[in-house]
Amino acid sequence: MAKQDLNYTRNIGIMAHIDAGKTTVSERILFYTGLTHRIGEVHDGAATMDWMEQEQERGITITAAATTTFWKYKDTEHKINIIDTPGHVDFTVEVERSLRVLDGSVALFCAVGGVEAQSETVWRQAEKYGVPRIAFVNKMDRSGADFFKVYGEIKEKLGANPVPIQIPIGAEEKFEGVIDLIEMKAVRWYEDADKGTNYFLEDIPADLAELAEEWRGKLVESVAEVDDALLERYFDDPESITQEELKAVIRKATISGVIIPMMCGSAFKNKGVQRLLDSVCAFLPSPLDNGHVTGINPWTDKEETRNADVDEPLAGLAFKIATDPFVGRLAFIRIYSGRINGGDTVLNTRTGKKERISRLYQMHSNKQNPKDFIEAGDICAAVGFKDIRTGDTLCDLKHPIVLESMDFPQPVIGIAIEPKSQKDIDKLSQGLSKLAEEDPTFQVNTDPDSGQTVIRGMGELHLEILVDRLRREFKVECNQGAPQVAYKEAISQVVELREVFKKQSGGRGKFADIIVKIEPADKGVTGLQFIDLVKGGRIPKEFIPPVQKGFESALLNGPLAGFPVDSLKVSLLDGSFHAVDSDQLSFEICARQAFKSAASKAGPKLLEPIMKVEIVTPEEYMGDIIGDLNRRRGEVSGMETKGGAKVISAKVPLAEQFGYVTVLRTLSSGRATSSMEFSHYQEVPKALAEKVLENIKGRTDLL
């Protein structure tokens with residue numbers, strides 16, 4: 001059987017700030033590639049990719065939807081796996097895990113809003129995973145649209161090297177089409193019954209000829225960084241450079257991250273999407289361009305590589321878990337090497353257990369197309385796993401490999417919930433465990449004081465959606481408490497102490513003796529920083545890891561109010577042991593007790609999550625909004641004008657931000673919008689910390 005040619009496969013994501021038009025662009029792609037026969041609109045609640053009821057009602061994307069489609073470019077059919085990711089910061093994990101497995105991405109920018117707060121976040125995530133990007137400036141038909149302003153912002157705010165390969169013909173209601181700087185032709189779409197399916201290549205309008213020449217020169221100069229010979233030829237004889245040569249060099253420069261090709265259009269008005277698809281095929285990498293993936297062999301602890309080749313051993317990464325009412329638990333997998341067949345048994349290197357895959361699917365939003373096998377370089381969904389989590393590596397039984405897993409941010413907000421009726425208790429715990437499986441930023445735990453179930457997430461909207469899903473998908477009606485901030489604790493002083501743990505209960509006893517120094521962790525370190533300074537075998541080597549483990553588990557409950565300790569440096573200086581009574585458990589318990597004794601003396605302090613807030617408002621409401629931010633202990637970090645509106649950037653404690661959207665609407669007569677994302681943890685002012693701790697200690701019931 002002929003192998004699929006991976007040169008013609010693209011695994012791409014669409015990433016952007018909320019409301020830049022990601023789902024609208026995805027819907028147009030599905031329409032033009034023939035996957036759908038009518039265009040679903042987000043504002044009508046009919047978008048194919050927004051298939052959850054909550055997505056359709058709210059007009060936002062919550063889960064990353066995957067779709068496989070085909071596009072003919074240069075007479076060759078290209079297979080494109082697209083992941084439409086959410087823009088809302090509460091669902092940032094969906095973007096993170098999608099970018100981890102993609103080869104390329106389309107970064108959308110609103111022609112009016114330009115580079116917004118969440119655009120910066122997704123851009124950083126793409127940088128982290130080294131994902132090549134094409135920038136597409138959408139909404140060119142909107143009032144205030146300015147392609148060249150967005151170009152400047154991408155350069156300044158994102159520190160990127162955007163290179164327009166198109167410039168617009170007109171803007172706002174006069175937006176007619178684009179000038180292709182590679183072909184040096186005008187591309188126009190005419191409003192008619194074909195929904196923009198056909199476009200026409202024409203000569204460049206005379207009034208734009210000079211501008212086009214200027215930007216064409218900039219394009220050649222930028223890409224010549226990766227090809228000196230091309231630049232020489234451009235200066236000697238610009239006409240001698242063929243389109244194909246230019247495209248080949250742009251592709252090379254894009255894949256190596258030297259440039260970001262920049263395009264524009266209006267997806268809602270059906271302008272520019274086909275040319276975007278052409279550029280995805282022309283400039284973004286195939287699985288072969290990205291070469292190999294590297295991982296660790298758990299048997300030998302040595303680094304190994306897997307190439308995007310069907311003949312290599314299987315290696316895949318589960319990047320998303322979803323629960324489907326009809327087929328059960330679906331694991332979305334990127335296959336890096338080898339081939340996976342329905343009915344195969346694979347190894348999950350996290351659990352060390354074998355898993356049998358009962359069925360394989362190629363996804364189209366929430367519909368599954370059954371497949372007998374999926375090969376290297378592709379994305380699929382599989383059913384049949386007993387135990388699988390986001391970030392698990394699935395591989396060949398005889399050739400194990402652990403691919404780099406994913407790190408997820410810690411939740412910053414919690415609410416207590418309980419079922420309205422006793423008979424729903426089991427249904428609630430089942431529903432919560434399934435939702436926690438799907439979403440690594442969603443955590444469920446029991447409050448030790450009140451015994452209540454507390455769910456934690458990335459923001460009010462995140463938790464609201466999860467409670468809504470419990471009601472709709474798992475048929476559990478819940479009572480919920482007021483939102484609680486996920487505080488953390490830290491220490492501010494150095495304490496040295498000796499802790500002895502002795503227990504004699506007839507027969508063999510327990511004994512451990514340690515001398516430790518605890519102090520604030522070094523800058524930039526989170527969690528436990530453990531240093532073993534024991535000399536001359538005063539504590540045997542096998543008892544050192546249990547001391548570290550004891551401190552690690554103790555960090556979960558800080559001395560002030562039982563919040564997790566953000567970071568801590570522990571130096572194990574000395575100690576002693578008993579030849580008969582000492583064991584690993586004794587040293588672990590001793591470490592926990594040492595933490596309890598020392599932490600309360602080490603100047604413990606309370607830390608709170610600080611959020612980065614961006615507010616877009618008409619100028620006349622600015623004074624009221626800034627005054628309100630000051631009352632909320634906010635610090636305004638910047639103000640600028642964008643498209644006739646003012647953009648205020650600020651850092652505000654999360655504790656002061658509950659219900660902010662409603663207040664902002666009132667202050668601005670519904671005309672201002674805000675977006676918020678987690679920034680960092682910061683010490684709570686002393687007077688306020690005492691108040692917070694009093695409230696927490698006096699709160700036995702969260703509901």
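Me: What is the strand order of the open sheet of three strands, and in which sense do the strands pair?

Reply: The order is 13-12-24, and the pairing is antiparallel. The model is predicted: local features need pLDDT of at least 70 and side-chain atom pairs pLDDT 80 or more, while totals for chains, interfaces and linings use all residues. Residues are numbered from 1 along each chain as its sequence is written, and side-chain values use heavy atoms, without hydrogens and water.

Me: What makes strand 13 and strand 24 edge strands?

Reply: Strand 13 (303–307) and strand 24 (402–403) each pair on one side only. Strands are DSSP runs of E with at least two residues, helices are runs of H or I with at least four, and both are numbered from the N terminus.

Me: How do you know that strand 12 and strand 13 pair?

Reply: Two strands pair if DSSP finds at least two bridges between them. Strand 12 (residues 292–296) and strand 13 have five bridges, in the antiparallel sense, so the definition is met. Val293 has Arg306 of strand 13 as its bridge partner.

Me: Why is Tyr336 called buried?

Reply: The relative accessible area of Tyr336 is 10%. Buried means under 20%, exposed means over 50%, and partly exposed is in between (1.4 Å probe, protein chains only). Tyr336 therefore counts as buried. Tyr336 is in strand 15 (residues 328–337). Leaving out residues up to four places away in sequence, Tyr336 has contacts (heavy atoms within 4.5 Å) that include Val293, Asn307 and Leu403. The C-alpha atoms of Tyr336 and His292 are 8.0 Å apart, with their positions 44 residues apart along the chain.

Me: How do you know whether Arg188 is buried or exposed?

Reply: Its relative accessibility is 12%, so Arg188 counts as buried. Arg188 belongs to strand 9 (residues 185–189).

Me: What makes the pair of Arg188 and Glu202 a polar contact?

Reply: Their side chains come to 2.9 Å. A polar contact needs N or O atoms within 3.5 Å, one able to donate a hydrogen and the other to accept it, and residues adjacent in sequence count only if both atoms are side-chain atoms. Other residues that Arg188 touches include Ile169, Glu176 and Tyr199.

Me: Why is the pair of Phe148 and Trp215 called stacked?

Reply: The structure holds ten aromatic pairs. Phe148 and Trp215 have ring centres 5.3 Å apart and planes at 25°, so this pair is stacked. Rings of Phe, Tyr and Trp (its six-membered ring) pair with centres within 6.5 Å; planes under 30 degrees apart are stacked, over 60 edge-to-face, and the rest tilted. Phe148 is in helix 5 (residues 147–158) and Trp215 in helix 6 (residues 209–223), so the pair ties together parts 67 residues apart in sequence. Phe148 is partly exposed at 30%, whereas Trp215 is buried at 6%. Both belong to one aromatic cluster with Phe147 and Tyr151.

Me: What makes Arg339 count as sitting over the ring of Phe373?

Reply: The charged end of Arg339 is 3.9 Å from the ring centre. The definition asks for NZ of Lys or CZ of Arg within 6 Å of the centre and within 35 degrees of the ring normal. Arg133 also lies over a ring face, that of Trp123, at 4.5 Å from the ring centre.

Me: How do you know that the buried residues of helix 14 line one face?

Reply: In helix 14 (residues 622–631), the buried residues are Met622, Ile625, Ile626, Asp628 and Leu629. Down the helix axis they fall within an arc of 160°, so they line one face. The arc is taken from the directions from the axis to the C-beta atoms. Gly623 and Arg631, on the other side, are exposed. Among the elements covering the buried residues are strand 35 (604–617) and helix 15 (660–667).

Me: Why are Arg632 and Arg633 put in which accessibility classes?

Reply: Arg632 has 11% and is therefore buried; Arg633 has 28% and is therefore partly exposed. Arg632 lies in the loop between helix 14 and strand 36, and Arg633 is placed in that loop too. Arg632 touches residues including Val652 and Tyr660. Arg633 has a positive phi of about 65° although it is not a glycine.
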